[in-house]
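Hi there,

Here is the structure I promised to pass on. Have a look at it first, and then read on for my notes.

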Number of protein chains: 2
Amino acid sequence: MASPSSLTPPPVPPELHVTNRETLLNSLRRHLSESSRPLYGFVLLQGGEEQNRYDTDHTELFRQESYFAYLFGVREPGFYGAIDIATGKSVLFAPRLPAEYAVWLGEIEPLSYFKERYMVSMVHYTDEIATVLHDEYKGSGKPVLFLLHGINTDSDLFSKPAEFQGIDKFDTDLTTLHPVLSECRVIKSDPELALIQFANDISSEAHVEVMRKIRVGMYEYQLESMFLHHTYMYGGCRHCSYTCICATGDNSAVLHYGHAAAPNDRILEDGDLALLDMGAEYNFYGSDITCSYPVNGKFTPDQALIYNAVLDAHNAVISTMKPGVSWLGMHKLAEKVILESLKRGRILVGNVDDMMVKRLGAVFMPHGLGHLLGIDTHDTGGYPKGTERSKEPGLKSLRTTRELQEGMVITVEPGCYFIDALLVPAMGNSNTTKFFNHEAVSRFKGFGGVRIESDVLVMANGCKNMTNVPREISEIEAVMAGAPWPLDK
Amino acid sequence: MASPSSLTPPPVPPELHVTNRETLLNSLRRHLSESSRPLYGFVLLQGGEEQNRYDTDHTELFRQESYFAYLFGVREPGFYGAIDIATGKSVLFAPRLPAEYAVWLGEIEPLSYFKERYMVSMVHYTDEIATVLHDEYKGSGKPVLFLLHGINTDSDLFSKPAEFQGIDKFDTDLTTLHPVLSECRVIKSDPELALIQFANDISSEAHVEVMRKIRVGMYEYQLESMFLHHTYMYGGCRHCSYTCICATGDNSAVLHYGHAAAPNDRILEDGDLALLDMGAEYNFYGSDITCSYPVNGKFTPDQALIYNAVLDAHNAVISTMKPGVSWLGMHKLAEKVILESLKRGRILVGNVDDMMVKRLGAVFMPHGLGHLLGIDTHDTGGYPKGTERSKEPGLKSLRTTRELQEGMVITVEPGCYFIDALLVPAMGNSNTTKFFNHEAVSRFKGFGGVRIESDVLVMANGCKNMTNVPREISEIEAVMAGAPWPLDK
Ligand SMILES: [Mn+2]
Ligand SMILES: [Mn+2]
């Protein structure tokens, strides 16, 4: 039997994180120079720690904190990491493990193991942070520690500044590091792109696998299981970028379906649309891909109408993306293409520009067009200091409104959903009721929705779609009927 | 093609949690009566909340807190639950969800949905706790809330007593509930046993599936992926009882291998032993199963020697288990059987009783023989108030030393490992060096270890092994060579 995968997990170059540290160092030095501050002190980050589930001794599978992963690539819990701004030297601080660790959890690696594995200048124990940093310090006065403290504009949560015994022997700066480091993560280096590409390759392949095996009568979670298995078995991806959304029928209108209270547990029915939003993570770097298609393998005319409206928006955006283009503008472009299609399909009536003014796009696509992607699925840097979210429907859900820059990876994920909670008020509102062909809309009761999501790299003269799954209706129907992917020409 | 599974996820009777609440109520009332306290007040528990990963908006897949799951079976986050000690009425308090929840996360269920689904007397919102409980209270004075506060003897962590706005209008009792509720969980009801049995059935089947597909050249994590896929795809098990331990070669001597710092990433070699400790969870109830066998499907004489030593211990314990038997005694029985086998195999020399006195068993089996199993893999009640852990090697690792009682489910998991960190000191120690055939032991350098783990129900006149996997060497070799399981007679 042919292997169900043509892929092999690529080696991860530890230089990737060395480069990330250099990127930060250059950026931080430039920033300090511009404000005439001395180029002394240390960046200090505290890595993540293993967590127990409530009071039990069930330990959750550890995943490194994302900023720490970016700078140091450390997979083990309980570390700290520092970068000397004056010399560029990097230091890891490893937890001092008790002797019985060797019996229960594995060999206790010598410090040299971490030095080599993570390509840092030196490694000490976490109880030596104060001493080591004082010894290394060549400036005058108390050494300054640049700690990570700032808000995540997607969660509104704050990062946790490093804490350790002896921190009182240092001055601490809580404001400088976060915006600089967040910004570093926005532009991806080539080795980072290689990992995101692999996460895309294995996830694309897994989506095709699910497309081939989906059947009426299955549970939604079986699609999730197939996806997870493919990406782990053949891609070595132990983590997903996010909880799989395997929404069928009406569930496909629930944007973040799949969580514990809506756990992918519906049985697939003939005539359902499936909206599958699933992406694997490889060595910290993620992917985020959505495919939508009929469970039975053949689009109905109504399904084709909505699907093509979204696909046209997806393609229009990708054809336009290049450095300098505004993401807010791309969102509006997608809205407009979708509204035009709905008008052509006689679901909407009237002037599309008027609809745009009344924000009708947000009734059908309440979420943002896409978000930066990297170590976090909703990656940092969406709203740098001084920029603000729109308050308008749809636009306020955008996770970024920036101008595109070369090296950004951003998802393009237009959608069109029939959500009663939004449609009923809009159709009843005297300002917008006239745009709806009420009879036609009623045909879509219980239809759910369509989303098409690809991960796109902004390049010097345009962009590159890193996702490779069947998108045209003819392609999807062919693959679901057994054709190979990519299709033979 | 025949389906790879003969199983179907069973429906979960909501009465299960009704029964659990009755069990607690009876036990708590008895306890209060015995100390001449009034039968008034409320048990109040706070369910688990969804967690973000660090500062990001990555939400971890929610799993209900175990005590709350036991009493209420609620799969959604953010709930509270109360039981009225006077009337036995049960109340759930649901979070008041914002309107936009419907767009992003799914339909907002009416309170009646939860009342029916979880078979409670009434459902209110979490901002109504103080009012509702005051209204329901029929006693005199301030109502007493029995809150959950106590130590988990496996993790040494404390459960979190419920907190809510208005708690100052109540008296709180932090000491009564925890020991009573922990003890309720020790004896399993028939509906609980049915879930543990299903978790065992699907996990046993998945172990057999892995046994059939394991090949030299695979990565350890591919075994994990196959197991997870089988239990989710065919058993609907979204959660595992614990992180899979897929240890091969030398790794099989690391008792809790498989975590993030030792992530099942070795390539399987010809001649390796595999030690696979994996168990699925079904509707909160777990399983915990270990199979050990050669990757290439054929035991060498040395592998057979150690394997049979452990299997004999496993079988000797199961033949002896019944109510009234001491678990500490079972641990020592297992040790003795293993030491006798090692002596017969000329790895040890001398008097086995002397070896027992010198705690030599703990050199080869540093962990406890087994632990209570239920909603937690290491389930509550191992050391009730007033009981203490042994300080002796091996025995101190026991998660319980209780007498067996009908209705307990406990794992039987003897093991025999060649761990340098334990062997080198014991062989060098003047008290124990004489017991070792040093030349023979050296043959086992890098051998790893063997563990055999089954989940066993204590019954009135003996016990029942709920796990069903090939255990005899002949059975394992037959199944790995393609025979069906169970074997045709
Ligand atoms: Mn996305
Ligand atoms: Mn166990």
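**A bridge between the chains**

B:Asp265 and A:Arg75 form a salt bridge through their side chains, with N and O 3.2 Å apart. Please keep in mind that this is a predicted model. The bridge runs from one chain to the other: B:Asp265 sits in the loop between strand S7 (245-248) and strand S8 (273-278) of chain B, while A:Arg75 sits in the loop between helix H2 (66-72) and strand S2 (80-84) of chain A. The two ends differ in accessibility. B:Asp265 is partly exposed, because its relative accessibility is 38%, whereas A:Arg75 has a relative accessible area of 18% and is therefore buried.

**The rest of the interface**

That pair belongs to a wider contact. Chain A brings 73 residues to it, and chain B brings 73 residues as well. About 5700 Å² is buried between chain A and chain B, and carbon and sulfur atoms give 56% of that area. On the chain A side, A:Tyr54, A:Asp55 and A:Trp104 lose the most area to chain B, and together they account for 14% of what that side buries.

For the polar part, there are six salt bridges between chain A and chain B. There are also 30 residue pairs in polar contact between chain A and chain B, counting pairs with both residues at pLDDT 80 or more. If you want to find the helices involved, H2, helix H3 (101-104), helix H8 (220-233) and helix H13 (420-428) of chain A each supply at least two residues of the side that touches chain B. H8(A) gives the most to that side, with nine residues.

**How the two copies are arranged**

Which operation puts chain A on chain B? A rotation of 180 degrees with 0.0 Å of shift along its axis does so, with an RMSD of 0.0 Å. The two copies are thus related as by a two-fold rotation axis. A:His229 has the C-alpha nearest the axis in chain A, 2.9 Å from it. Of the interface residues of chain A, 100% are also interface residues in chain B, so the copies meet through the same surface.

**The manganese site**

Next, the metal in chain A. The manganese ion (ligand 1) has four protein donors listed here: A:Asp288 (OD), A:His371 (NE2), A:Glu413 (OE) and A:Glu453 (OE), at 2.1 to 2.3 Å from the ion. Along the sequence, these donor residues follow the spacing D-x82-H-x41-E-x39-E. A:Asp288 and A:His371 come from distant parts of the chain, 83 residues apart: A:Asp288 is in the loop between strand S8 (273-278) and strand S9 (289-294) of chain A, and A:His371 is in the loop between helix H12 (361-364) and strand S10 (409-412) of chain A. Both A:Asp288 and A:His371 are buried.

The donor A:Glu413 also makes a salt bridge with A:Arg451, where the closest N and O atoms are 3.8 Å apart. A:Glu413 is in the loop between S10 and strand S11 (415-417) of chain A, and A:Arg451 is in strand S12 (residues 449-451) of chain A, so this pair ties together parts 38 residues apart in sequence. A:Glu413 and A:Arg451 are both buried.

A:Asp277, in strand S8 of chain A, is worth a look alongside these residues. Its relative accessible area is 5%, so A:Asp277 is buried. The side chains of A:Asp277 and A:Thr290 are joined by a polar contact of 3.2 Å. Leaving aside residues up to four places away in sequence, A:Asp277 touches several residues, including A:Asp288, A:Arg451 and A:Glu453.

**Other salt bridges**

How many salt bridges does the structure hold over all chains? The total is 52. One of them links the side chains of B:Glu477 and B:Lys298, at 3.3 Å from N to O. B:Glu477 is in helix H15 (residues 473-480) of chain B and B:Lys298 is in the loop between strand S9 (289-294) and helix H9 (301-320) of chain B, so the bridge ties together parts 179 residues apart in sequence. B:Glu477 counts as buried at 17% relative accessibility, while B:Lys298 counts as exposed at 54%. Finally, A:Asp57, B:Asp154, B:Arg389 and B:Arg399 are joined into one network by salt bridges that share partners.

Happy browsing, and best wishes!

Conventions: Residues are numbered from 1 along each chain as its sequence is written. Chains are lettered from A and ligands numbered from 1 in the order in which they are written. This is a predicted model: local features need pLDDT of at least 70, side-chain atom pairs count only at pLDDT 80 or more; totals for chains, interfaces and linings use all residues. Side-chain values use heavy atoms; hydrogens and water are left out. Donors are N, O and S atoms within 2.8 Å of the metal (3.2 Å for Na, K and Ca); water is not among the atoms, so sites may look incomplete. Helices (H or I, at least four residues) and strands (E, at least two) are DSSP runs, numbered from the N terminus. Buried means under 20% relative accessible area, exposed over 50%, partly exposed in between (1.4 Å probe, protein chains only). Copies are superposed by least squares on the C-alpha atoms of residues with pLDDT of at least 70 in both. Contact means heavy atoms within 4.5 Å. A salt bridge is a side-chain nitrogen of Lys or Arg within 4 Å of a carboxyl oxygen of Asp or Glu. Buried area is the accessible area (1.4 Å probe) that two parts lose on being put together, summed over both. A polar contact is a pair of N or O atoms within 3.5 Å; within protein, one must be able to donate a hydrogen and the other to accept it, and residues adjacent in sequence count only if both atoms are side-chain atoms.
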